[in-house]
Amino acid sequence: MKFTAFARVVLTTLAATVQTACVVPVPPLGAAHEVTEQSIAEIKPGISTRADVLLLLADPPIRGEEDRYFVYFWERTRGGVLVIFYMPIFSAVARSCHWLALAFAPDGVVAKLRMFHGDAQLNPASDFCSADSPLKTQLETWLAEPAQDGK
Amino acid sequence: MFVWERNRRASRRHAESAERRAVLLFAGVLLCGVLSSCATTVERVADVDELKLLAFLQAGSVARGEVEGRLGCPMTAYEDGRIVVYALQKNEGRFQAIPENDRRLGDVRFRLVLVYGPDGTMQRWSLVDRGSSR
């Protein structure tokens, strides 16, 4: 098999890249702005008010119409791989989206709360958590249901 | 070229390659470390020293006018202004309110939440850290 000079240069460069590149596993890295289970446990449906929630978690990234519900969300990095060749040249990282939704009664008391967990997605868009349609559909279905034991 | 010289060069290339791989691996591990340090939670600040920096916030005695005189207009309001939120940034050992039209607002770490009573005096408050490390 004969190679042209150009093909030899390309193959040599490719071989050198593959040999020098480094594949680094990305471990599960946690989340940014995560609401802890301890904080969630402090919110008592039927007792806690909108003021209690705001004093605990501050302003929510998603506010329902007339503040009938709040959604706090965060993304969790599940893991993946990085290929580094002098600098990261390729990454495949799985992330999942998590929503804490709180619905309020007309008097401002928490009527119900629920966690929604999205599936892990590979290299999702940066706004996949705020615009995560499966979770939004689940949220709308849940909001339409009457509160039962705060859920 | 003598065989031993070729071997020596190959050996040196191999050593350099191993060294480069080690550096890249270290860089990767470092990158993972940096990324994992980004893991943060939303927590109410309980540190007394930090809360002392907002000592003027005396529940039951400080009026809305005094708060707005010090911090300006709040970032967001709830329940017709009964509950307000300020974005605060810690700068040189002091908390500073970030104006509502500031582009940095989303990245600001602290939120000050104030609840006013019907007479306009502040009744409850809390400082929330959105970038608390575990």
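Here a biologist and a modeller talk through some features of chains A and B.

Biologist: Before we start, what kind of model is this?

Modeller: It is a predicted model, where local features need pLDDT of at least 70, side-chain atom pairs count only at pLDDT 80 or more, and totals for chains, interfaces and linings use all residues. Residues are numbered from 1 along each chain as its sequence is written, while chains are lettered from A and ligands numbered from 1 in the order in which they are written.

Biologist: Why is B:Arg104 called exposed?

Modeller: A residue is exposed if 12 or fewer other C-beta atoms, placed from the backbone, lie within 10 Å of its own, buried if 20 or more do, and partly exposed in between. B:Arg104 has 10 within 10 Å, so it is exposed.

Biologist: Nice! Where in chain B does B:Arg104 lie?

Modeller: In the loop between β4 (94-97) and β5 (110-116); strands are DSSP runs of E, at least two residues, and helices runs of H or I, at least four, numbered from the N terminus. B:Ala87 is 17 residues from B:Arg104 in sequence and 9.8 Å away in space, C-alpha to C-alpha.

Biologist: What pattern does chain B follow along the sequence?

Modeller: It reads α-β-α-α-β-β-β-β-β, with three helices and six strands. Of its 134 residues, 22% count as buried.

Biologist: And in chain A, what makes helix α3 largely enclosed?

Modeller: Six of the eight residues of α3 (residues 50-57) are buried, so the rest of the structure largely encloses this helix. Among them are A:Arg50, A:Val53 and A:Leu57. Just after α3(A), A:Ala58 takes a positive phi of about 65 degrees.
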